[in-house]
Amino acid sequence: MDFKGMKNYLYWLYCQFELITCSYLMEPWEKLLFYTFNITMLVTILYTAYIFIPAHISMALQFFWHFFGNQHENTVSVVK
């Protein structure tokens, strides 16, 4: 495995990120605030996705199973 090539590629990606976000123009303390905010937002989004997406998928599957006739019968209707 070419570690020097990987290191150069990661550095190139970092430079591209700085060019796209214009963070290369910022002072070090501004970069710290900018990166801290961005990382906080990313972690918040990933946590929210981890917590809420499985529940939404489960509810969507139950909704669609209802249309395909695979629903469980209600216990009240069985007792009649």
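**Residues 32–53.** I began with the span of residues 32–53, whose end C-alpha atoms lie 31 Å apart and which is 100% helix and 0% strand. I was working on a predicted model, and I noted that the label for this stretch comes from a record: an unreviewed UniProt entry annotates residues 32–53 as "transmembrane region".

**Helix H1.** I next compared the length of H1 with what its residue count would give: at 1.5 Å a residue, its 19 residues should span 27 Å, and the end C-alpha atoms are indeed 27 Å apart, so the two values agree. Just after H1, I found that Cys22 takes a positive phi of about 60°.

**Aromatic pairs.** How many aromatic pairs does the structure hold? I counted 4 of them. For Tyr9 and Trp12, I read a distance of 6.0 Å between the ring centres and an angle of 25° between the planes, and because planes under 30 degrees apart count as stacked, I entered this pair as stacked. Both residues belong to helix H1, which runs over residues 3–21, and they sit 3 residues apart, about one turn of the helix. I also looked up their accessibility: Tyr9, at 45% relative accessibility, counts as partly exposed, and Trp12, at 46%, is likewise partly exposed.

I then turned to Phe63 and Phe64, whose aromatic pair is edge-to-face, with 5.4 Å from centre to centre and 70° between the planes. Are these two rings buried or exposed? I can give neither word without a qualifier, because Phe63 has a relative accessible area of 46% and is partly exposed, while Phe64, with 44%, is partly exposed as well, the range for that class lying between 20% and 50%.

My last aromatic entry is a cluster, which is formed by Phe17, Phe34 and Tyr35.

**Nonpolar surface patch.** Which residues form a nonpolar patch on the surface? I listed Ile53, Ile57, Leu61, Phe63, Phe64, Trp65, Phe67 and Phe68, which together have about 890 Å² of accessible area. Phe63 and Phe64, the partners of the edge-to-face pair, are thus met again among the members of this patch. Ile53, another member of the patch, is also the residue at which the annotated range 32–53 ends. I checked Phe67 separately: Phe67 is found in helix H2, which covers residues 28–67, and with a relative accessible area of 55% I recorded Phe67 as exposed, because that class begins over 50%.

Conventions. Residues numbered from 1 in each chain as written. Predicted model: local features only at pLDDT ≥ 70, side-chain atom pairs only at ≥ 80, totals over all residues. Heavy atoms only, no water. UniProt positions renumbered as here; feature names shortened; annotations may be inferred. Helix = DSSP H or I, 4+ residues; strand = E, 2+ residues; numbered from the N terminus. Phe/Tyr/Trp six-rings, centres within 6.5 Å; stacked < 30°, edge-to-face > 60°. Buried < 20%, exposed > 50% of the residue type's maximum accessible area, 1.4 Å probe, protein only. Patch = residues over 30% accessible without salt bridge, like charges linked within 9 Å, V, L, I, M, F, W, Y side chains within 5 Å. Areas by Shrake-Rupley, 256 points an atom, 1.4 Å probe, with all protein chains shown as cover. Salt bridge = Lys/Arg side-chain N within 4 Å of Asp/Glu carboxyl O. Expected span 1.5 Å × (residues − 1).
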